[in-house]
Amino acid sequence: MTRHKVIFDTDPGIDDAMALLFLHHHPEIDLLGITTVFGNASIETTTRNALVLKSLWEIAAPVARGAGHTFNPARERGEPPAIVHGDNGLGNVTLPADFSTETDPRPAYRFIIDTVRANPGEVTIVAVGRMTNLALALGEAPDIAGLVKGIVIMGGAFGTMGNVTPVAEANIYGDPEAADVVMTAPWKVVVVGLDVTSQTVMTRTMLDQLAADGGERARFLRDVSQHYMEFYSRFVANGIMVHDSCACVYLVAAELFTTRSGAIRVASEGVADGQTIQKPDGRYFPPGPWDGKPSQLVCTGIDAPAVLALIHKVIARR
Ligand code: BDR
Ligand code: CA
């Protein structure tokens, strides 16, 4: 059995919560840590939510609090998207008051550096929020790029529409400078973006079935997902896009995805602010900002029914 050592960098977040339960229940995944970042809510709220989920689901991995502001301090991004994830980041469901508030003493970027150095060649970072913690870690310790096994990112929109602007996806738009640092670093990045996650819709019926098969933990997921489903009714009938879980599935079942290789840059100004742009390998263009940057993989296709079935199977496993 392949074993995957994982740091989960996250902004819980409703679809983040589902992804966390997938990682926690998957038999081949050793969750080494949960690092938080601002995004779906403030850093105080996403960290509190990570701690609540850790207690509720009896997750052993520590929670390290991460960035509460963009990589470039001059950039402002406004209020968190309560319309999507609720004011409390978890669908405005009343959360348990009784949970351990203990976090790792280190900030997230330091936790990432130490954990990667302690497990050379073994750690995959699954990053499903803004890329701020990863960019800070790289800035402090560039050597970690050669020490991680890989990075799997939920973010970006390549051949499809964005979800914050017509070209930009939320995790990238929230901190484009950080995303550009991460995409152009000499480590192996796989980007699981809206091209594939927007096709991966868990219907209300599927979510109810998951709650029926998966016990209390899955019932909690169904409850927090109701607010998210209301938001998603603008785009899909009676269902939710399970963005962050798709990145976790890639880690254990890459054969369910098709990918394209090429350097990626992230625009950080003007109408294209937050757009992710890949120059496919082997395609001729005149000299440009992709030259000399490492090739990364972008997911261009997905077997959505198989991905949804795997999410069900793993989460319902108790
Ligand atoms: C991404 O943005 C957040 O709202 C979700 O948690 C997901 O990571 C989708 O664009
Ligand atoms: Ca997220």
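Metal donors here are N, O and S atoms within 2.8 Å of the metal (3.2 Å for Na, K and Ca); water is not among the atoms, so sites may look incomplete. This is a predicted model, where local features need pLDDT of at least 70, side-chain atom pairs count only at pLDDT 80 or more, and totals for chains, interfaces and linings use all residues. Residues are numbered from 1 along each chain as its sequence is written, chains are lettered from A and ligands numbered from 1 in the order in which they are written, and side-chain values use heavy atoms, with hydrogens and water left out.

**Stop 1: the calcium ion.** Select ligand 2. Its donors are Asp-11 (OD), Asp-16 (OD, listed twice), Val-128 (O) and Asp-244 (OD), at 2.4 to 2.7 Å. Along the chain they follow the spacing D-x4-D-x111-V-x115-D. Val-128 sits in the loop between β4 (123-127) and α5 (132-140), and Asp-244 in helix α10, so the pair ties together parts that are 116 residues apart in sequence. Helices (H or I, at least four residues) and strands (E, at least two) are DSSP runs, numbered from the N terminus.

**Stop 2: ligand 1.** Show its surrounding residues (a heavy atom within 4 Å). Among them are Asp-16, Val-128 and Asp-244, which also coordinate the calcium ion. Others include His-85, Met-154, Glu-169 and His-243.

**Stop 3: polar contacts.** Look for N or O pairs within 3.5 Å. Oxygen atoms of ligand 1 lie 2.6 Å from the side chain of Asp-15, 2.9 Å from Asn-40 and 3.0 Å from Asn-171.

**Stop 4: the shell.** Colour α1 (14-25), α6 (170-173) and α10 (243-252): each gives two or more residues to the shell around ligand 1.

Terms used: A polar contact is a pair of N or O atoms within 3.5 Å; within protein, one must be able to donate a hydrogen and the other to accept it, and residues adjacent in sequence count only if both atoms are side-chain atoms.
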